[in-house]
Amino acid sequence: MKRLLLSLPLLCLCTLVQAKVVMPRFFADGMVLQQQTECRLWGTATPGAPLVVTASWTHGKWKSRVNADGSFSITITTPTAGGPFTISIDDGEKAMLSNVLVGEVWICSGQSNMEMPMKGFKMQPVEGTTEELLRCKDAKMRLFTVKRHAAITPQTDVEGEWSEANSESVRNFSATAYYFGRALRQQLDVPVGLIVTAWGGSACEAWMAADWLKAFPKVTLPRDEKDVNRLKQRCPTALYNGQLRPLIGYAMRGAIWYQGEDNVPRYDYYASLLETMVRGWRADWKQGDFPFYYCQIAPYDYSLINWSGSQLLREQQLLAEQRIPHARMAVLMDAGLEYGIHPRMKRQAGERLALLALTNTYGVKGLPDFATYSKVEFQGDTAVVQFDRSKEWVYFEHGTTSKLFEVAGRDSVFRPANHVWIARNRVYVKSDSVAHPVAVRYAWSDWAVGDLMHDGLPVSSFRTDF
């Protein structure tokens with residue numbers, strides 16, 4: 001895809017006579033603009049020159065003037081979904097963007113499980129890749145992957161290019177993001193643009209600005225480029241500066257997020273961290289409380305990397321959903337991999353994120369929802385667990401009972417529940433070893449295959465003693 005960059009004419013060997021229009025790489029042939037909104041275009045051009053933008057979807061023009069330092073920013077109005085269109089940016093010499101679509105744009109960010117391409121990582125495949133690559137061709141689905149870049153200071157551009165969805169581009173594109181976009185394409189029947197900015201092993205702190213992190217005394221900010229080079233994707237602020245900041249202002253519908261594995265050892269403040277990150281992104285983008293949908297990390301045996309306690313991070317993610325407006329969490333309790341931190345079932349991750357977007361952002365009716373733990377009551381030797389968002393009633397995936405529940409009495413020692421059953425929308429839990437239970441836990445471990453379901457979707461692990 002062609003980037004909008006015109007060479008600089010020279011006079012008397014090296015004397016600069018006139019600058020030409022230069023825009024960040026995501027403003028390029030094949031891009032997707034968010035429909036029915038005010039889209040900002042920016043870049044550099046001839047200092048002081050009048051700037052005129054025209055688009056083939058309208059006879060109107062947008063006019064501005066390039067600043068004395070050569071920078072410009074101009075806002076255009078986009079139509080309902082369609083295309084392809086052309087856009088002209090004229091500062092005295094016309095430059096063109098072609099094959100531009102107007103539709104739905106989403107930012108897709110996080111760490112390795114967002115970054116993981118359809119082809120998988122070496123010796124770590126994605127389930128269903130072969131079948132999907134045979135049918136993924138779609139000229140109205142456009143993909144852009146931001147190249148990895150950690151920086152000590154905010155950058156103004158990224159490396160990457162727009163591609164139409166086909167077997168070659170999809171093979172190397174985020175599988176989670178692709179399945180999310182494919183579901184939107186099928187349901188909405190409009191062009192979809194996906195911008196992936198992710199880095200495996202990245203910390204949540206890396207995707208945040210320095211000012212936001214001052215509220216977290218446990219976070220050490222980088223002092224110089226040496227800190228960034230040493231910590232790379234785990235360096236606080238480094239990926240916000242290098243991979244996110246350049247994108248801010250690109251009009252979009254919302255963001256999806258799959259991250260948290262790196263923060264397992266620092267689980268205790270993750271809900272506040274994620275809440276602060278989302279608030280900061282929204283303030284920077286100036287699009288109000290845009291939708292933010294994220295995956296709960298999937299179960300995995302963290303003892304294999306000498307960690308433990310990922311259920312506590314999952315709990316923090318569940319708490320974040322309650323704190324962040326217009327945010328919802330896709331549960332992956334049934335889609336983990338005991339011996340691998342990169343689960344193969346990326347279709348489930350992407351499509352569950354799409355369920356949340358289609359229901360809550362686009363108003364599509366008839367789709368299932370994730371039930372959540374609500375409260376517990378104790379009736380003698382039995383705990384009665386209740387749920388919200390569960391009008392279809394909860395059930396067990398593999399029969400009439402589950403082995404993933406534990407109960408504790410006043411001694412706070414949890415013992416396996418050997419009597420677990422469901423009646424209507426309640427789970428009844430008891431243990432012969434606990435006469436007077438005071439707390440219940442479900443799937444409370446690093447690794448478990450969740451079997452408590454609602455309307456075809458898993459329920460998150462939970463504890464009532466939090």
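The following exercises, each with a worked solution, concern a predicted model of one protein chain.

**Exercise 1. Overall form**

Determine how the radius of gyration of the protein chain compares with the globule rule, and describe the secondary structure and the burial of the chain.

*Solution.* Step one is the inventory: the protein chain holds 10 helices and 26 strands. Step two is the comparison. The globule rule gives 23 Å for 466 residues, and the radius of gyration of the protein chain is 25 Å, close to that value, so the chain is as compact as a globular protein of that length. Step three gives the dimensions: along the principal axes, the C-alpha atoms fill a box of roughly 90 × 50 × 40 Å. Step four turns to burial, where 56% of the 466 residues count as buried. Step five concerns contacts: among those in the protein chain with a separation of 6 or more, 72% are between residues 24 or more positions apart.

**Exercise 2. The surroundings of strand E13**

Establish whether the residues of E13 are buried or exposed, and identify the strands that pair with E13.

*Solution.* Begin with accessibility. Five of the five residues of E13 are buried, so this strand is largely enclosed by the rest of the structure. Next, consider the directions of the side chains. In a regular strand the side chains alternate between the two faces of the sheet. In E13, Gly254, Ile256 and Tyr258 point one way, whereas Ala255 and Trp257 point the other way.

Then examine the pairing. Strand E9 (residues 94-110) pairs with E13 in the parallel sense over five bridges, and Cys108 stands opposite Ile256 in E13. Strand E14 (residues 292-295) is also parallel to E13, with three bridges between the two. Here Ile256 stands opposite Tyr293 in E14. Ile256 thus faces Cys108 as well as Tyr293.

**Exercise 3. The position of Gly260**

Locate Gly260 in the chain and list the residues with which Gly260 is in contact, leaving aside its neighbours within four places in sequence.

*Solution.* First, the location: Gly260 belongs to the loop between strand E13 (254-258) and helix H8 (270-285). Second, the accessibility: the relative accessible area of Gly260 is 0%. The cut-off for a buried residue is under 20%, so Gly260 counts as buried. Third, the contacts: beyond the excluded neighbours, Gly260 touches Gln111, Tyr270, Ile297, Leu313 and Gln317. Finally, a distance: the C-alpha atoms of Gly260 and Cys295 are 8.9 Å apart in space, although 35 residues separate the two in sequence.

**Exercise 4. Aromatic rings and charges**

Classify the geometry of the aromatic pair formed by Phe27 and Trp42, and find the charged residue that sits over the ring of Trp42.

*Solution.* The model contains 29 aromatic pairs. In the pair of Phe27 and Trp42, the ring centres are 4.9 Å apart and the planes stand at 90 degrees. Planes over 60 degrees apart count as edge-to-face, so this pair falls in that class. The pair links distant parts of the chain: Phe27 is in the loop between strand E2 (15-16) and strand E3 (32-34), Trp42 is in strand E4 (residues 38-44), and the two are 15 residues apart. Both Phe27 and Trp42 are buried.

For the second part, the charged end of Arg40 sits over the ring of Trp42, at 4.1 Å from its centre. A further example is Arg282, which lies over the face of Phe290 at 5.7 Å from the ring centre.

**Exercise 5. Two open sheets**

State the strand order of the open sheet that contains E16 and of the open sheet that contains E20, and relate the latter to an aromatic cluster.

*Solution.* Take the sheet with E16 first. Its four strands follow the order E16-E17-E22-E21, with antiparallel pairing. Strand E16 (372-379) and strand E21 (419-423) are the edge strands, each pairing on one side only. Neighbouring strands are turned by 25 degrees against each other on average, direction ignored. Seven bridges join E16 to strand E17 (residues 382-388), and Val376 has Val385 in E17 as its bridge partner.

The other sheet, also of four strands and antiparallel, has the order E20-E19-E23-E26. Its edges are strand E20 (414-416) and strand E26 (462-463). Strand E19 (residues 405-408) and strand E23 (residues 439-442) are joined by four bridges, with Phe405 opposite Tyr442 in E23. Phe405 and Tyr442 also belong to one aromatic cluster, together with Tyr373, Phe387, Phe396 and Phe462.

Technical notes: Residues are numbered from 1 along each chain as its sequence is written. This is a predicted model: local features need pLDDT of at least 70, side-chain atom pairs count only at pLDDT 80 or more; totals for chains, interfaces and linings use all residues. Side-chain values use heavy atoms; hydrogens and water are left out. Rings of Phe, Tyr and Trp (its six-membered ring) pair if their centres lie within 6.5 Å; planes under 30 degrees apart count as stacked, over 60 as edge-to-face and the rest as tilted. Buried means under 20% relative accessible area, exposed over 50%, partly exposed in between (1.4 Å probe, protein chains only). A charge sits over a ring if NZ of Lys or CZ of Arg is within 6 Å of the ring centre and within 35 degrees of the ring normal. Two strands pair if DSSP finds at least two bridges between them. Axes are lines fitted to C-alpha atoms, for helices over the stretch in contact, and angles run from 0 to 180 degrees between N-to-C directions. The radius of gyration is taken over C-alpha atoms; the globule rule is 2.2 Å times the number of residues to the power 0.38. Contact means heavy atoms within 4.5 Å.
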